[in-house]
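Reader: I'd love a close look at one part of this protein, the salt-bridge network and the sheet around it. Could you walk me through it?

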Amino acid sequence: RSKDGGESWPWVGGGLPDGKDLFKSYEFDKGHADAQLVFSMDGSFLACSQKTGHVARFNRADDAWETVDCHVWGTRIFADPHVPGRFIHAEREAKESLDGGRTWRPCPSIPPRSWYLAFDPRQKGLVVAGADRFYLSRDGGASFAPLPGGLDLPANGSRAISLDRGRLFAL
């Protein structure tokens, strides 16, 4: 993290689990998808390793990382662009944090086995979940229904989904 406009970059790794590397440098410099940094609009952020399952949040008050009670196994954590400090981990059973990743609770409204979520950055409340098919929420994820038209998720699974102005993009 730089405090001088990018002139210097001191290592900020205090608080990461000893003997359990959350990340290794190659995960970032060779384009590996095993590591994820997730930022919320309130400035809170998480570091996640899909390889080890560990999740840590940066505690700005202590200027150090702390491990949180949420594990990722081959899935991602998503930040809601309209609700400060809200993160969702969608997997077999979704979890949600409303306090910047400090605590996590079940989020049963997210369809089971949703491997991807996409929030529309321009239309508050519009969310798509990718599970066995695509599901649409118009209330920020409080409820979901199958996407009109019966668009199923491809058999090989999408690698990414995105929303923009109500349009769904899937790779």
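Author: Happy to; here is the sheet, followed by the charged residues. This is a predicted model, where local features need pLDDT of at least 70, side-chain atom pairs count only at pLDDT 80 or more, and totals for chains, interfaces and linings use all residues. Residues are numbered from 1 along each chain as its sequence is written, and side-chain values use heavy atoms, with hydrogens and water left out.

The open sheet has four strands in the order β5-β6-β7-β8, paired antiparallel. Strands here are DSSP runs of E with at least two residues, numbered from the N terminus, and two of them pair if DSSP finds at least two bridges between them. At the edges are β5 (77-79) and β8 (105-106), each pairing on one side only. Three bridges link β5 to β6 (residues 87-89), and Ile 77 has His 89 as its bridge partner in β6.

Now the charges. A salt bridge means a side-chain nitrogen of Lys or Arg within 4 Å of a carboxyl oxygen of Asp or Glu; six are counted by this rule. Arg 86 forms one with Asp 80, the closest N and O atoms being 2.7 Å apart, and another with Glu 96, also with 2.7 Å between the closest N and O atoms. Because Glu 96 lies in strand β7 (residues 95-97) and Arg 86 in the loop between β5 and β6, this pair ties together parts ten residues apart in sequence. Glu 96 also forms a salt bridge with Arg 105, at 2.9 Å between the closest N and O atoms. Through shared partners, Asp 80, Arg 86, Glu 96 and Arg 105 join into one network.

How exposed are they? Buried means under 20% relative accessible area, exposed over 50%, and partly exposed in between (1.4 Å probe, protein chains only). Asp 80 is buried at 4%, Arg 86 is buried at 7%, and Glu 96 is buried at 7%, whereas Arg 105 is partly exposed at 44%.
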